[in-house]
Each structure stands twice: as structure tokens, then as C-alpha cells.
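This report describes how the strands of a sheet are arranged and how selected helices are placed. The structure is shown first, and the description follows.

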Amino acid sequence: MHIILADNQDITRAGLQFVLQTFDNSPYHVVSDKATMIQLLKEHPDSMVVIDYTLFDINDIEELMVLSQRFIQAQWLIFSEDLSVDFANRLIVTLPQASILLKESPLSEIRECLAQVMLRRRFICQRMMEMLLTNNRQEEEKTILTKTENEILKDIALGMTTKEIAEKRFSSFHTVNTHRKNIFRKLNVNNVHEATKYALRAGLVDSAEYYI
């Protein structure tokens, strides 16, 4: 399989070339712009493209999608220092021939990823999988409560009393207290401390905001 290195970060490019030298019969080409990458894909349409999405001249995920549809035999390894969970989720759903590897990954995982993608198998690095699982769990936990209950839980976690929350929401003490009881019941918690831990875990309250 031909490999196209589309990464404009010198240190990363040098490191990848060093690793690829340990793979037998894997010719690779280094490119610095989209036009050269496309030309090589025309010549070798079943290549693996190792690309740093954030440092190459690809405008957005839509353009990446167009390229993947144009060269349907190619494997795309998104090798980047920082990718959002939303981007990764969308990439996984819409681009089955794409793999994800973060630059913080250990050398052993980088080698394993390259080997798997050469076999045309999708690979998602451990760190990104952890981020995706954490995000999905937070979204699931948020859906347990209604929008109003999530808002009130956030206020509780930030230390507001029932009276203060009622004044803020222009609601009665009784209404907010009922919401509070429903929140505790749904979350199966018994006190503010447990409710706050849930709010932090679900991402309703940022830890920096909580400790202010």
C-alpha cells in the first residue's frame, strides 16, 4: 500500500518517516499541499493518507468528505494534536474508511494504528475512545432530567439555595422545591453533595466554575 504523508509539521513528518521505515514494502510520499496529494491519489487511488487535518489546506470536514467520496478506495488516517469530540463523532459516522490517531499517542499505538490501517481496518486511538465514551455518557446522563431540572441542578451545584433559585427563575419556592425533589429522586441521590458530584460528572458545571 502506498502511503501519503500530508502533514506540514516538520517534527511529526520526520517521526512518521522514521516509523514507516520499519514497515517492509510500504513506499511513502511526502506532500505539502492538497494539489500534490490529489495527484498522488489519482496515481495510487488505494493509498493510505496520513493527514493532520488542522495543519493542512483542507478547509473543513465537508471537503474531507468530498475527497473521500472521490477516492473511495483510499484509507484516511487523521493524525492530529487536537480534535474535538464532535468532529470525531461526525467523522466516525460519515466516513467509514477514516481512522483517528492523536499525536500524544505512544509509539506502540502509532505502530499498531499504521499496521491496522494498512490492512484496511479502522483504528481509533485509546485517548479518543475515552473522550468519546465520556462525552456519550455525559449526554445520556443529561437526558435523564428535563431542561428545567438540568438548569436547577446546575444552580444547586453552584451553591444556590432553593429560595435564591426561585427568585432567579421568578418561580415559587414550592415549585423549585418540587423540582429539587424530582431531581434527587431521578438521580437516586440523597443530598446536595451527591447531586453536585453528578452535575460535575455530567458536564453541567465546569470544575473551574465550581471551585470559584
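For the packing of helices, an axis is a line fitted to C-alpha atoms over the stretch in contact, and angles run from 0 to 180 degrees between N-to-C directions. The model discussed here is predicted.

**Helix packing**

Helix α7 (residues 147–157) packs against helix α9 (residues 173–187) at an angle of about 95°, and their axes are 10 Å apart. Angles of 65 to 115 degrees count as roughly perpendicular, and α7 and α9 are therefore roughly perpendicular to each other. On the α7 side, the contact is made by T148, E149, I152, L153 and I156, which meet H179, R180, N182, I183, K186 and L187 of α9. By class, this contact of α7 with α9 has five nonpolar, three polar and three charged residues.

**The sheet**

Five strands form an open sheet with parallel pairing, in the order β2-β1-β3-β4-β5. The edges are occupied by β2 (28–31) and β5, each of which has a single partner strand, so one side of each is left without a neighbour in the sheet. On average, neighbouring strands of this sheet are turned by 20° against each other, direction ignored.

Three of the strand pairings are set out below, each with residues that stand opposite one another.

| Strand pair | Sense | Bridges | Opposed residues |
|---|---|---|---|
| β1 (residues 3–6) and β2 | parallel | four | L5 and V30 |
| β3 (residues 48–51) and β4 | parallel | four | I51 and I78 |
| β4 and β5 (residues 98–102) | parallel | five | S80 and L102 |

**Connections around β4**

A right-handed β-α-β unit is made by β3, helix α3 (residues 61–70) and β4. From β4 the chain crosses through helix α4 (residues 85–94) to β5, and this β-α-β crossover is also right-handed. Helix α4 packs on the sheet, where it touches β4 and β5, and its direction makes about 155° with that of β5.

**Burial of β4**

Why is strand β4 largely enclosed by the rest of the structure? Six of the six residues of β4 (residues 75–80) are buried, so the strand is largely enclosed. In a regular strand the side chains alternate between the two faces of the sheet. Both faces of β4 are covered: Q75, L77 and F79 are buried on one side, and W76, I78 and S80 are buried on the other. Two of these buried residues also appear in the pairings above: I78 is the bridge partner of I51, and S80 stands opposite L102 in β5.

How values were computed: Residues are numbered from 1 along each chain as its sequence is written. This is a predicted model: local features need pLDDT of at least 70, side-chain atom pairs count only at pLDDT 80 or more; totals for chains, interfaces and linings use all residues. Side-chain values use heavy atoms; hydrogens and water are left out. Buried means under 20% relative accessible area, exposed over 50%, partly exposed in between (1.4 Å probe, protein chains only). Helices (H or I, at least four residues) and strands (E, at least two) are DSSP runs, numbered from the N terminus. Two strands pair if DSSP finds at least two bridges between them. A crossover is right-handed if, with the strands pointing away from the viewer, the path from the first strand over the helix to the second runs clockwise. Angles under 35 degrees count as roughly parallel, over 145 as roughly antiparallel, 65 to 115 as roughly perpendicular and the rest as oblique. Contact means heavy atoms within 4.5 Å. Ala, Val, Leu, Ile, Met, Phe, Trp, Tyr, Cys and Pro count as nonpolar, Asp, Glu, Lys and Arg as charged, and the others, Gly among them, as polar.
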